[in-house]
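Visitor: Before any terms are applied, I would like to see the structure itself. Please then explain how each label is justified.

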Amino acid sequence: MPKVLRIINRFNLGGPTYNAAYLTKYLSPEFETLLVGGMHDETEGSSKYILENLGIEPIIIPEMKREINFKQDRIAYKKIKAIIKEFKPDIVHTHASKAGALGRLAAHQLGVKAVIHTFHGHVFHSSFGKVKTLFYKQIERFLAKKSTKIIAISEIQKKELTIEHKICSVDKTCVIPLGFDLSKFKDNQLEKRETFRNEWKIEENEIAIGIIGRLVPIKDHHFFIDVIDKIKDKTTKNIRFFIIGDGEYKQEIISYVNEKKLPYSESRENSKLITFTSWIKEIDIANAGLDIICLCSKNEGTPVSLIEAQSSLKPIVSTRVGGINNVVLEDETALLSNVGDYQSYVSNLISLIESKTLRESFSTAGNHIYEKYTYHRLVKEMKALYHSLI
């Protein structure tokens with residue numbers, strides 16, 4: 001039986017953990033898989049419950065963290081090499097940047113037959129300045145040469161990696177979209193909606209608008225706060241905004257809310273214009289309770305929150321970046337605007353707030369997502385790739 005060593009940056013909430021978990025679980029019995037990952041940051045929600053629910057016991061490397069730390073990275077690298085020597089994998093498959101660097105270097109040095117890397121996102125624009133961005137590009141170009149295959153999670157991302165940023169060649173790159181268990185997002189929606197709205201004291205006549213994700217600069221919550229500031233006096237509808245997630249920029253975002261003099265709460269007990277909920281594990285319940293789901297990112301790979309939003313049959317307002325156009329149906333499930341275009345974003349959001357008919361029409365179009373982003377399709381395509389390489 002071929003062996004796969006799967007290495008992921010860290011076990012935090014998001015697409016990479018789901019991707020790694022489903023592949024680890026469901027590639028069996030054709031492949032034996034060992035899952036390795038780093039620790040999630042204190043500001044992030046842990047995703048270990050996802051693994052526990054699937055009966056997966058990963059190896060944790062505490063030294064493998066998001067930030068560059070040469071001392072700890074060296075320790076993590078040595079631990080990965082030791083695991084490779086003991087497990088003797090036919091394939092080493094890495095997910096995201098840190099795991100991709102340490103894992104591919106170790107696998108290449110030890111002569112592993114197939115070395116695969118999945119880009120779940122990238123930092124080649126909108127994350128750092130020009131010098132730091134160039135530094136990361138050079139590293140990824142070097143690592144691509146050590147890789148047997150590079151996986152992009154959308155056609156748009158493949159174009160960015162191969163043509164726009166020239167990280168790797170077209171013939172070395174293939175597209176395998178993420179896969180999820182989406183059934184829970186459709187089940188018992190009315191019951192879940194009532195649960196969420198009762199918990200957060202949302203009245204039936206209030207339109208609940210949510211943004212879901214890490215509170216980090218690339219997600220641009222400041223833009224979202226500016227949109228709220230511009231929109232609050234443009235509608236007579238009763239509206240509430242929910243910021244679902246957490247991260248190191250939470251206090252900075254709260255300070256910006258205070259600067260704008262917008263009422264907010266971090267408690268279920270106080271109904272304010274803006275509510276910070278922190279992480280919510282049962283995101284299917286949250287989605288059922290929301291009426292509109294937003295995204296304001298400056299860059300995205302495949303936005304999991306928008307896959308889940310459509311699975312929950314919720315209309316979307318988002319920026320038009322990265323792989324978003326591969327995920328949504330523009331003007332059918334989502335209204336999109338360019339990064340920084342406040343006027344267009346506010347106009348799109350107002351149109352959904354004002355029209356229940358429009359919201360409902362966008363909701364019914366969300367069924368398309370079930371054809372493309374199931375974990376069954378993900379596993380099938382990954383098996384085919386693995387067999388072709390070994």
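**Labels and their grounds**

Guide: In this predicted model, Lys-250 is in contact with Leu-215, Glu-266 and Phe-276, leaving aside its neighbours within four places in sequence. Lys-250 lies in helix 9, residues 250-259.

Visitor: Why is Lys-250 called buried or exposed, whichever applies?

Guide: The relative accessibility of Lys-250 is 12%. Buried means under 20%, and Lys-250 therefore counts as buried.

Visitor: Which label does Phe-70 receive, buried or exposed, and on what value does it rest?

Guide: Phe-70 has a place in helix 3, residues 70-87. Its relative accessibility is 70%. The label exposed requires over 50%, so Phe-70 counts as exposed.

Visitor: What makes a nonpolar patch on the surface here, and which residues form it?

Guide: The patch consists of Ile-68, Phe-70 and Phe-135, which together have about 360 Å² of accessible area. Nonpolar side chains are joined into a patch within 5 Å, and each member needs over 30% relative accessible area; the 70% of Phe-70 is over that cut-off.

Visitor: How is the open sheet ordered, and what makes a strand an edge strand?

Guide: Seven strands form the open sheet, with parallel pairing, in the order 10-11-9-8-12-13-14. Strand 10 (264-265) and strand 14 (334-337) each have a single partner strand, so one side of each lacks a neighbour in the sheet and they stand at the edges.

Visitor: How do you know that strand 8 is paired with strand 9 and with strand 12?

Guide: Pairing requires at least two bridges. Strand 8 (residues 206-212) is joined to strand 12 (residues 292-295) by three bridges, and to strand 9 by seven. Both pairs run parallel. Gly-210 illustrates the two pairings: Ile-293 is its bridge partner in strand 12, while Phe-242 stands opposite in strand 9.

Visitor: Why is strand 8 described as largely enclosed?

Guide: Seven of its seven residues are buried, so strand 8 is largely enclosed by the rest of the structure. Its two faces are both covered: Glu-206, Ala-208, Gly-210 and Ile-212 are buried on one side, and Ile-207, Ile-209 and Ile-211 on the other.

Visitor: Which helices lie across strand 8, and at what angles do they run to other strands?

Guide: Among them is helix 8 (residues 221-231), which also lies across strands 9, 11 and 12 and runs at about 170 degrees to strand 9. Helix 11 (residues 304-311) lies across strands 8, 12 and 13, at about 160 degrees to strand 13.

Technical notes:
Residues are numbered from 1 along each chain as its sequence is written. This is a predicted model: local features need pLDDT of at least 70, side-chain atom pairs count only at pLDDT 80 or more; totals for chains, interfaces and linings use all residues. Side-chain values use heavy atoms; hydrogens and water are left out. Patches are made of residues with over 30% relative accessible area and no salt bridge: like charges are joined within 9 Å, nonpolar side chains (Val, Leu, Ile, Met, Phe, Trp, Tyr) within 5 Å. Accessible areas come from the Shrake-Rupley method with a 1.4 Å probe; for residues, only the protein chains shown count as cover. A salt bridge is a side-chain nitrogen of Lys or Arg within 4 Å of a carboxyl oxygen of Asp or Glu. Helices (H or I, at least four residues) and strands (E, at least two) are DSSP runs, numbered from the N terminus. Buried means under 20% relative accessible area, exposed over 50%, partly exposed in between (1.4 Å probe, protein chains only). Contact means heavy atoms within 4.5 Å. Axes are lines fitted to C-alpha atoms, for helices over the stretch in contact, and angles run from 0 to 180 degrees between N-to-C directions.
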